[in-house]
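Trainee: Please pick one part of this model and take a close look at it. I would like a connected account of what surrounds that part.

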Amino acid sequence: MKEFRLDLWKPQEYTYEAAYGFIPNVHAYLHDEDSTLRKCMVVVPGGGYCMLAPHEGVLPAMEYYRMGLNVFVLTYTNDITMCVPLKRQPMEDISRAVRLIRKGAAEYNIYADKLLICGFSAGGHVCASLCTHFDDITDPDPELNALSNRQDAAIFGYPVITSGKYTHIYSMQALLGYEPTAEELEYFSLEKQVKENTPPCFLWQTVEDDLVPVEN
């Protein structure tokens with residue numbers, strides 16, 4: 001197995017106020033025994049936009065790896081203090097990740113047109129934000145912006161989707177702050193944002209979930 005970390009942003013590109021030296025990144029788990037082209041999975045852990053749950057990163061990544069995929073685990077912007085709303089930053093992190101991985105498709109031995117994402121809980125919201133708003137994200141790097149940031153399919157496990165009645169309120173507070181505008185709530189209530197070009201998605205949830213209501 002070939003492992004490495006790839007930072008998503010150059011220091012001057014990343015301006016989230018509460019980063020304190022953190023740079024969003026992906027950790028790669030690639031098959032290195034041959035040059036076989038493989039599908040690619042980007043795994044996106046949850047954690048209420050306050051942290052990243054370790055068991056929702058490496059564990060599913062290893063399952064996909066054993067299935068023959070090359071895998072990246074995304075570490076996106078989050079804030080345990082909930083002092084600075086994240087706004088669009090996690091969505092822009094995953095968009096940059098998709099573009100960077102596509103740029104390196106030949107080096108990573110992956111099909112550029114078979115790039116999948118799998119997100120859990122708030123990580124599902126990050127993935128679904130890209131699914132519905134990918135064409136609304138401009139990358140500041142012109143070379144990367146020329147590459148598609150639309151994933152080819154997505155899997156959501158017990159995802160936060162809505163900002164409405166059944167939302168996971170702490171995720172929304174970390175993302176949008178305590179006084180979001182009506183426009184922000186509408187934009188990130190992703191069940192309202194599905195379009196004809198939204199990638200195919202598979203969603204699953206258990207009725208026993210007492211954190212993210214199954215109505216999501």
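**The α2/α4 contact and its surroundings**

Mentor: Helices α2 and α4 are roughly perpendicular to each other (65 to 115 degrees; under 35 is roughly parallel, over 145 roughly antiparallel, the rest oblique). This is a predicted model, in which local features need pLDDT of at least 70 and side-chain atom pairs pLDDT 80 or more, while totals for chains, interfaces and linings use all residues. Residues are numbered from 1 along each chain as its sequence is written, and side-chain values use heavy atoms, without hydrogens and water.

Start with the geometry. Helix α2 covers residues 89-103, and α4 covers residues 122-133 (helices are DSSP runs of H or I, at least four residues, and strands of E, at least two, numbered from the N terminus). Their axes come within 9 Å and cross at roughly 75 degrees (lines fitted to C-alpha atoms, for helices over the stretch in contact; angles run from 0 to 180 degrees between N-to-C directions). On the α2 side, P90, M91, I94, S95 and V98 make the contact (heavy atoms within 4.5 Å). On the α4 side, the residues are V126, C127, S129, L130 and H133.

Now the charged groups around α2. The structure holds ten salt bridges (a side-chain nitrogen of Lys or Arg within 4 Å of a carboxyl oxygen of Asp or Glu). One of them joins R88 and E92 at 3.3 Å, N to O. R88 is partly exposed at 27% relative accessible area, and E92 is partly exposed at 26% (buried is under 20%, exposed over 50%, partly exposed in between; 1.4 Å probe, protein chains only). R88 also forms a salt bridge with D136, with the closest N and O atoms 3.4 Å apart. R88 sits in the loop between β4 and α2, and D136 in the loop between α4 and α5, so this pair ties together parts that are 48 residues apart in sequence. D136 is partly exposed, at 37% relative accessibility.

R96 and D139 give another such link. Their side chains meet in a salt bridge of 2.7 Å, N to O. R96 belongs to helix α2 and D139 to the loop between α4 and α5, so parts 43 residues apart in sequence are tied together. R96 is buried at 3% relative accessibility. D139 is buried too, with a relative accessible area of 5%. Salt bridges with shared partners join E13, R96 and D139 into one network.

D141 belongs in this picture. It lies in the loop between α4 and α5 (142-145). D141 is buried, yet has no salt bridge. Not counting residues up to four places away in sequence, D141 touches E13 and R96. Both of those residues are members of the network that includes D139.

What lies beneath α4? Helix α4 lies across β3, β5, β6 and β7, running at about 135 degrees to β5. The sheet is open, with seven strands in the order β1-β2-β4-β3-β5-β6-β7 and mixed pairing (two strands pair if DSSP finds at least two bridges between them). β1 (2-7) and β7 (201-204) are the edge strands; each has a single partner, so one side of each is left without a neighbour in the sheet. From one strand to the next, the twist averages 20 degrees.

Helix α1 (residues 58-66) also packs on the sheet. It touches β2 (25-30), β3 (38-44), β4 (70-75), β5 and β6, and its direction makes about 35 degrees with that of β2. P60, A61, M62, Y64 and Y65 of α1 are buried. Their cover includes β2, β3, β4, β5 and β6. After α1 comes G68, whose phi is positive, near 105 degrees.

Next, the pairing under α4. Strand β5 (residues 110-120) and strand β6 (residues 153-157) pair in the parallel sense over five bridges. C118 stands opposite I155 in β6.

Further along the sheet is β4. Five of its six residues are buried, so β4 is largely enclosed by the rest of the structure. It runs antiparallel to β2, with five bridges, and Y29 has V71 in β4 as its bridge partner. β3 and β4 run parallel, joined by four bridges. There, C40 is partnered by N70 of β4.

Last, A105, in helix α3 (residues 105-108). A105 is buried, at 7% relative accessible area. It touches I110 and A112, leaving aside residues up to four places away in sequence. The C-alpha atoms of A105 and L37 are 9.1 Å apart, with their positions 68 residues apart along the chain.

Conventions. Lys, Arg positive; Asp, Glu negative; His and termini not counted.
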